[in-house]
Amino acid sequence: MCYGMGHNAGTKYFGETIVSTTLQMSALVVGGSMVGAALALGLAQQGKKVAVLEPNFTTEWHADNRFDLRISAVTADNIKFLDQLQAWARIESCRANPFFQLSVCDRTEQWLDIGNAASPTPLGYMIENEVLQYALYQEMAAHKLITLIPGKLAELDAENGIARLSDSVIEEVQFDFVFGCDGSQSRVRSALGIGTTGRSYNHACLLCNVKTKQSIPPATWEKFNRHEIHALLPLDDQHACLIVYADRKDISHWQEQHLLQEVLSERFNERVGPFEIQSSGSFPLQRQSALRYQIWSSATGIRAALFGDAAHTIHPLAGQGVNLGFRDVAQFLSLVAKHDLSAKTFARYEQLRKLDNEIMAHAMEAIGWGMRSEGAFVRSLRSVAIQALQKLPKAKDALALYASRTWK
């Protein structure tokens, strides 16, 4: 079987010299966005032949593009991981804004600052999802062991190792291993019969990219009120993503009545000054966890695993979504390097990552509750804790190291 190479940004096309519409590969990654692309690159670096199925590869990006609304606060440990995948240089050459400090504040205006804006070492980088997707796509397209398949998963027969596709010149992929990296509504997870547990927060996240008149420092912050959370992600000297977590009905009302400028000005002007809204959007908040992250069955022959949002979604309170997905992949690749694609690798991956992800999910809920609570005891405890941490530089340094995941 031969594959022709097109001329659009290195995309691997099927159409110039197709002999068969059936493709045989060692591994099939369903979902070629950030987490799926990272997994494919890591497996290919270990000598595995990988096919990546994705309906919407990000094949182009331009420096004059407006900032993508979807922003990831990628922590230092994952920057190192992206560098190991040989993608960081490309990402950095596009757009990536370092942040050196993160702060939280309760409604009484008690601030806790973690990190130092004057530090030479960032806690992480604010990176647009579009940039991450583009850079990782470019690396996949250049790798000789990765085959990119534009298209959708129509049917998955995991027992027989067959994926039937739609909207693709390839009709069928035969595989030994299948990896679901296809988001919170994962078709792979559904086809495997893996259920989920979780909850809806009845809140939504409002995101607005703005251009400011005054300079934006390289620091991110969150302010907690009783019913809302306000946050800022710095994008460059005069651009930021302003975020409000609030009741879904309130956010819908603001959007429908064109009240965003008024609502955001009331909440952010004191800290960022006047600004112009350039784009906006919203999405509902929920926590979801797959009951299993993997299946390795000698009886059925199924060899499958879930990664990223296909396995877990959490409250975006601390911007940990993509970071957890990258950590899924990094953990799995580390185990593959030791034990290859084996039952031990799959079982250990699920054990380690499910524990870490569940701890993070419940920690985000606990922090959110603790920072918003108006109970007298909780308010007093919160006040004492914030004041104590502000006076303990070593404790704050430890928090900074944990926030960047350079120490665990």
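Two strands pair if DSSP finds at least two bridges between them. With that in mind, good morning; the structure before you is a predicted model.

I begin with one such pair. Strand β4, residues 71–75, is joined by 5 bridges to strand β8, residues 124–128, and the two run antiparallel. Within this pair, Ile-71 of β4 has Glu-128 of β8 as its bridge partner. How many residues of strand β4 are buried? The count is 5 of the 5, so β4 is largely enclosed by the rest of the structure. In a regular strand, side chains alternate between the two faces of the sheet. For β4, both faces are covered. Ile-71, Ala-73 and Thr-75 are buried on one side, and Ser-72 and Val-74 are buried on the other.

Let me now step back to the whole protein. Its secondary structure comprises 11 helices and 21 strands. Of its 408 residues, 52% count as buried. The protein exposes about 18,400 Å², and carbon and sulfur atoms supply 50% of that area. Consider also the contacts with a separation of 6 or more: residues 24 or more positions apart account for 71% of them.

I turn next to the interior. In soluble globular proteins, nonpolar side chains tend to be buried together. Here, the largest nonpolar core has 78 residues, and those touching the most other members are Leu-39, Phe-179, Phe-307 and Phe-332. Which helix gives the largest share of this core? Helix α1, residues 34–45, does so, with 9 residues. Another core, of 23 residues, lies apart from the largest one; among its members are Leu-69, Phe-224, Leu-235 and Ile-243.

Helix α1 deserves a further word. It is mostly covered, with 11 of its 12 residues buried. The buried residues include Met-34, Val-35, Leu-39, Leu-41 and Leu-43. Leaving aside residues up to four places away in sequence, Leu-39 touches Val-29, Phe-179, Cys-181, Phe-307, Val-329, Phe-332 and Leu-333. The length of α1 can be checked as well. At 1.5 Å a residue, its 12 residues should span 16 Å, and the end C-alpha atoms are 17 Å apart, which agrees. Just after α1, Gly-47 takes a positive phi of about 90°.

Another helix, α8, covers residues 321–339 and contains Leu-324. Is Leu-324 buried or exposed? Leu-324 counts as buried, because its relative accessibility is 0%, and the cut-off for that term is under 20%. Not counting residues up to four places away in sequence, Leu-324 touches His-312, Ile-314, Arg-353, Asp-356, Asn-357 and Met-360. Leu-324 and Ile-314 are 10 residues apart along the chain, and their C-alpha atoms are separated by 9.6 Å.

Finally, I come to the cysteines. Why is there no bond between the sulfur of Cys-208 and the closest cysteine sulfur? A disulfide requires the two sulfur atoms to be within 2.5 Å. The closest cysteine sulfur to that of Cys-208 belongs to Cys-241 and is 7.5 Å away, which is too far for a bond. For Cys-241, the closest cysteine sulfur is in Cys-205, at 7.4 Å, and that too is too far for a bond. Both residues lie inside: Cys-208 counts as buried at 0% relative accessibility, and Cys-241 is buried with a relative accessible area of 0%. By this rule, the model has 0 disulfides.

Thank you for your attention.

How values were computed:
Residues are numbered from 1 along each chain as its sequence is written. This is a predicted model: local features need pLDDT of at least 70, side-chain atom pairs count only at pLDDT 80 or more; totals for chains, interfaces and linings use all residues. Side-chain values use heavy atoms; hydrogens and water are left out. A nonpolar core is a set of buried Ala, Val, Leu, Ile, Met, Phe, Trp, Tyr and Cys residues joined through side-chain atoms within 4.5 Å. Buried means under 20% relative accessible area, exposed over 50%, partly exposed in between (1.4 Å probe, protein chains only). Helices (H or I, at least four residues) and strands (E, at least two) are DSSP runs, numbered from the N terminus. Contact means heavy atoms within 4.5 Å. Accessible areas come from the Shrake-Rupley method with a 1.4 Å probe; for residues, only the protein chains shown count as cover. The expected span of a helix is 1.5 Å times one less than its number of residues.
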